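Trainee: I should like to learn how to read burial, nonpolar cores and helix packing from a model. May we work through an example?

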Amino acid sequence: MSDSTATVDDLDARLEKHRVELTGYCYRMLGSSFEAEDAVQDTLVRAWRSYDKFEGRSSLRSWLYRIATNVCLDMLNAGNKRARPMDLSESTPLAKAALSPRPDNTWLEPMPDARVLPMVEDPAEAAVTKESVRLAFMAALQQLPPKQRAVLILREVLAWRASEVAELLDTSVASVNSALQRARATLAERADPGAEAAVSDPLDEEQQKLLERYVAAFEGYDMSALTALLHEDAIMTMPPFDLWLTGHDDIAGFMTTIGSACEGSRLLPVQVNGLPGFAQYKPDPEKGGYTPWAVQVLEISDGRLTGFHFFLDTERWFPLFGVPLHLEAEADQVEQGE
């Protein structure tokens, strides 16, 4: 192997080492799983091409964050703010429920933990990073102007010093502190119950039992059991549809009417947005077995489910989460195992 090849391989490895944390940063900035991964790829390509101009006055990590920030700010110039259904309209009573889709770029998108949460040994640091990708916090971030968003993430989530952020953004420490104050004020005004989702890491015994009961209730399609697990003000969303429901009665009613095709579903656990979730498969009447239907994200507080979010674009989500695009029926699985 030539020295130049060795150098290229070494640079690739050094850049790749930062992919997960950069993806987490770009995801918080953009609110989109796929745009975040595109932004990181663009960042690494730009870094690779201009590495000979990198003078080492800052760390490689800081330099990569500078490039990633510029990439994200350019992408955000279009002005699109990703949102959840409850950020865009009022709750719909079950009697008026209708499934009206909006374009993909409307919605805040789910993200597997493994793609955005680097391995850290400090439990307190791990808890902060998980909280910073939860849906409620992500939705609040999308309401901030892009530079305020960058300042808040760098200072509050990544714990950069104000002087470091000022250098990255080519601005003053006073400007950084002012932007941070305004961002904090905006987030305080927008505080919502979902932001208080109390999920321990790892799940405590009570939360684990709650999830086990949820799986049993959902797969058994036992609405009485499901209702008992939902907070009375629980919220259900279903992007790309703008419909959202409030309260366990309307949610259970939806599941037995418009959503009745979910009966007989199977759930596979996934780790998503720092929260417990499931890949949901519905029975497939044509091919047999089960076909992908949704990535579910669950919010928990005070021993009940407070948020119940279905992301339905399975052709995009299931490969992202590394789960199969078809499940065999249990009888088939038993026969294959014999």
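Mentor: This is a predicted model. Let us begin with Thr69, which lies in helix H4.

Trainee: Is Thr69 buried or exposed?

Mentor: The relative accessible area of Thr69 is 1%, and buried means under 20%, so Thr69 is buried.

Trainee: Which residues is Thr69 in contact with, leaving aside neighbours within four places in sequence?

Mentor: They are Tyr25, Ala150, Leu168 and Leu169. Leu169 is 100 residues from Thr69 along the chain, yet their C-alpha atoms are separated by 8.3 Å.

Trainee: How should one read a nonpolar core?

Mentor: In soluble globular proteins, nonpolar side chains tend to be buried together. Here the largest nonpolar core has 67 residues, of which Tyr25, Cys26, Met29 and Phe321 touch the most other members. Helix H4, residues 60–76, gives the most to this core, with ten residues. Beyond four places in sequence, Cys26 touches Gly31, Ala36, Ala39, Val40, Ala68 and Cys72. A second, separate core of 32 residues includes Leu210, Met255, Cys262 and Ala294.

Trainee: How is the packing of two helices described?

Mentor: One gives the angle between their axes and the distance between the axes. In this model, the axes of helix H3 (residues 33–50) and helix H15 (residues 314–321) come within 11 Å and cross at roughly 55 degrees. H3 and H15 are therefore oblique to each other.

Trainee: Which residues of H3 and H15 meet?

Mentor: Ser33, Phe34 and Glu37 in H3 meet Arg316, Trp317 and Leu320 in H15. By type, the residues of this contact comprise three nonpolar, one polar and two charged.

Note on methods: Residues numbered from 1 in each chain as written. Predicted model: local features only at pLDDT ≥ 70, side-chain atom pairs only at ≥ 80, totals over all residues. Heavy atoms only, no water. Core = buried A, V, L, I, M, F, W, Y, C linked by side-chain atoms within 4.5 Å. Buried < 20%, exposed > 50% of the residue type's maximum accessible area, 1.4 Å probe, protein only. Helix = DSSP H or I, 4+ residues; strand = E, 2+ residues; numbered from the N terminus. Contact = heavy atoms within 4.5 Å. Axes fitted to C-alpha atoms, helices over the stretch in contact; angles between N-to-C directions. Parallel < 35°, antiparallel > 145°, perpendicular 65-115°, else oblique. Nonpolar A, V, L, I, M, F, W, Y, C, P; charged D, E, K, R; others polar.
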